[in-house]
Amino acid sequence: MGRFGSTLVKNLNELLKVLDVFSDDCKEIYNITYRIECVNENSLFVGLKREGYVLTEDIQVAKSFGAITLANENADYVYHDCVFAYGMLLEAFNDFPCDSLCVIGVTGTNGKTTVSSYIYQMLKN
């Protein structure tokens with residue numbers, strides 16, 4: 001189990017497949033994060049560029065903890081769109097929870113609250 005109590009474990013090579021990145025590394029990943037304070041040896045650290053933030057320093061810190069890194073540059077795996085990658089990796093890590101969601105949209109000028117209440121009552125029963 002990881003430092004933060006995660007019970008999900010995925011192999012790195014399986015996670016990277018969702019990005020069409022191929023790897024022979026079967027390292028077990030317990031968490032995916034962009035926050036350096038959440039990194040441990042079983043982490044996948046995704047470097048997200050932000051204003052006023054020095055990404056290269058955190059990539060080196062993550063590597064020093066033994067984490068695998070993915071970023072635009074200077075990482076174990078280089079990927080061009082890390083925001084997209086982060087979302088896809090989280091989806092894969094959590095077994096694509098959106099695939100089993102049912103979404104009902106209610107739009108219009110009047111009656112949204114009433115219709116939403118009716119839908120709620122029908123689904124509840």
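A residue is called buried when its relative accessible area is under 20%, exposed when it is over 50%, and partly exposed in between (1.4 Å probe, protein chains only). Helices (H or I, at least four residues) and strands (E, at least two) are DSSP runs, numbered from the N terminus. This is a predicted model, in which local features need pLDDT of at least 70 and side-chain atom pairs count only at pLDDT 80 or more, while totals for chains, interfaces and linings use all residues. Residues are numbered from 1 along each chain as its sequence is written, and side-chain values use heavy atoms, with hydrogens and water left out.

**View 1. The two faces of helix 2 (residues 55–64).** Leu55, Asp58, Ile59 and Ala62 are the buried residues of helix 2. Seen down the helix axis, these buried residues fall within an arc of 105° (taken from the directions from the axis to the C-beta atoms), so they line one face of the helix. The face turned away from the buried side carries the exposed residues Glu57 and Ser64. Strand 4 (43–46) and strand 5 (68–71) are included in what covers the buried residues, contact meaning heavy atoms within 4.5 Å. Gly66, which follows helix 2, has a positive phi, near 95°.

**View 2. The open sheet of four strands.** The strands are arranged in the order 3-4-5-6 with parallel pairing, two strands being paired if DSSP finds at least two bridges between them. Strand 3 and strand 6 (77–78) are the edge strands, each pairing on one side only. Strand 5 and strand 6 run parallel and are joined by two bridges, and Val78 in strand 6 is the bridge partner of Ala71. Helix 2 packs on the sheet, where it touches strand 4 and strand 5, and its direction makes about 160° with that of strand 5; such angles run from 0 to 180 degrees between N-to-C directions, with axes fitted to C-alpha atoms, for helices over the stretch in contact.

**View 3. Ser23 in the loop between helix 1 (12–16) and strand 2 (28–29).** With a relative accessibility of 18%, Ser23 counts as buried. Its side chain makes a polar contact with the side chain of Tyr77 at 2.7 Å, a polar contact being a pair of N or O atoms within 3.5 Å; within protein, one must be able to donate a hydrogen and the other to accept it, and residues adjacent in sequence count only if both atoms are side-chain atoms. The side chain of Ser23 also reaches the backbone nitrogen of Asp25, at 3.0 Å.
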